[in-house]
Amino acid sequence: MNQDTLAWFSDTWLGVFMRDTYWAWPFMENFHFFGLSVLFGGLVAIDLRVVGIAPSVPMKAALSLIPYVMVGFAINLITGIFFFAGDPFRYFYNIAFQWKMALIVLAGINALWFWFGEHAKLSKLADGEQADFPAKVIATLSLAIWMGVIILGRLIPYLE
Amino acid sequence: MDLLLWIEETSIGVHVREDAWTFAIMLCLHSLGMAFSLGVVMITTMRSVGVLKGIPVLAHAGLFPAAWTGFIINLISGIALYVSHATEYTFQVVFILKLSLLAIGGIFMKLMMNNYRANGAEATSKLFGGLTLACWIGAIITGRLMAYS
């Protein structure tokens, strides 16, 4: 992304709104935290069930949380775009932000692996039955990567 | 005030306040703890009020150890953060509101689970679920606003 693109981002109404409206930043941050809670809450349910830490959670019901995890992610993608537009030159060159984005891509790939490799098998699992080893690896990775995303997000103001 | 000043000047208070990395690490732990505790509370209470489908309310109990772990991480990191700025936070309206909402929300959560066990998904159970959800959303908002007051 070159300087012109970043400047263009900054000049969109999103960027102007973020900078010129005094309540915009905390308002979007609150939604970002809300989205995070829904996204991560759903993942905790699915991943802890798959890993085997929460065997009492019914697997099919846990998997039905996936759309809500996506909604949480969508909320954070949208609010995240607002933050980025509000201060693109700061975010783009921020090392914590760069690693955070890289981890989100990794989480996406991991989610695709889960969806195409494990979802059908897991849907047929009886209550209390253990998931297979690859599924447990994916679930562990999912929690670890998203924890990394949260840490890096929180570190953005401290790593510049 | 003397007591608060003394708290701030304890070695923990000085260290968390003056070492930039310690403060940042406490904030990271606080975010992680929030993700676990609030995440579980959120999906449980949203299920209760019907905003989302998913796991039956009582089956969320299997996730409560994870939520409690997050809560304890936040209690510890929260105390460290508080101690470092005791004279400031103690008088912040949003901080007092945040703690109150967390406490009230915790009580409602307990009442919700008790009522689900005793009476199932009746109106009172859902009401307690909705009140818990409202309190904890309020706690996120007031917690975030501490940075702005």
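## Helices, core and contact in a two-chain model

B:Asp19 is found in the loop between α2 and α3 of chain B. The model is predicted. B:Asp19 counts as exposed because just 12 C-beta neighbours lie inside 10 Å, and the exposed class takes in residues with 12 or fewer. From its C-alpha atom to that of B:Leu32 is 20 Å, with the two positions 13 residues apart along the chain.

B:Phe64 belongs to helix α4 of chain B. Its C-beta atom has 17 others within 10 Å, so B:Phe64 is partly exposed. B:Ala121 stands 57 residues from B:Phe64 along the chain, and their C-alpha atoms are separated by 19 Å.

**Two helices of chain B**

Helix α4(B) runs over residues 64-84. Helix α7(B) covers residues 123-145. The table sets out their spans.

| Helix | Residues | Expected span | Distance between end C-alpha atoms |
|---|---|---|---|
| α4(B) | 21 residues | 30 Å | 30 Å |
| α7(B) | 23 residues | 33 Å | 33 Å |

For α4(B), the end-to-end distance agrees with the expectation at 1.5 Å a residue. For α7(B), the distance also agrees with the expected span.

Which residues of α4(B) are buried? They are B:Ala66, B:Ala67, B:Gly70, B:Phe71, B:Asn74, B:Ser77, B:Gly78, B:Ala80, B:Leu81, B:Val83 and B:Ser84. Residues three or four places apart point the same way, because an α-helix has 3.6 residues a turn. The buried residues of α4(B) pack against α3 of chain A. Within chain B, their partners are α1 (2-8), α2 (11-18), α3 and α5 (86-89).

Helix α7(B) has its own buried set. Among its members are B:Phe128, B:Leu133, B:Trp136, B:Ile137 and B:Ile140. Polar names appear too, including B:Ser125, B:Thr132 and B:Thr142. The buried residues of α7(B) pack against α3 (24-51) of chain A. They also pack against α3 (20-49) and α6 (93-119) of chain B.

**The nonpolar cores**

The largest nonpolar core has 67 residues. Those with the most contacts inside it come from both chains: A:Leu43, A:Val44, A:Ala45 and A:Ala62, with B:Val40, B:Leu63 and B:Trp136. B:Trp136 is one of the buried residues of α7(B). Leaving out residues up to four places away in sequence, B:Trp136 touches B:Leu38, B:Val41 and B:Gly105. Another core, of ten residues, lies apart from the largest one. A:Phe9, A:Phe82, A:Tyr91 and A:Phe97 are among its members.

**Chain A and its contact with chain B**

Chain A has nine helices and zero strands. Its C-alpha atoms fill a box of roughly 55 × 25 × 25 Å along the principal axes. Of the 160 residues in chain A, 39% are buried. Counting contacts in chain A with a separation of 6 or more, 80% join residues 24 or more positions apart.

How many residues does each chain bring to the contact? Chain A brings 29 residues and chain B brings 28 residues. On the side of chain A, the elements that give two or more residues are α3, α4 (59-63) and α9 (133-155). The most come from α3(A), with 14 residues. By class, this side of chain A has 21 nonpolar, six polar and two charged residues. Helix α3 of chain A is also a packing partner for the buried residues of α4(B) and for those of α7(B).

Notes: Residues are numbered from 1 along each chain as its sequence is written. Chains are lettered from A and ligands numbered from 1 in the order in which they are written. This is a predicted model: local features need pLDDT of at least 70, side-chain atom pairs count only at pLDDT 80 or more; totals for chains, interfaces and linings use all residues. A nonpolar core is a set of buried Ala, Val, Leu, Ile, Met, Phe, Trp, Tyr and Cys residues joined through C-beta atoms within 7 Å. A residue is buried if 20 or more other C-beta atoms lie within 10 Å of its own, exposed if 12 or fewer, and partly exposed in between; C-beta atoms are placed from the backbone. Two residues are in contact if their C-beta atoms, placed from the backbone, lie within 7 Å. Helices (H or I, at least four residues) and strands (E, at least two) are DSSP runs, numbered from the N terminus. The expected span of a helix is 1.5 Å times one less than its number of residues.
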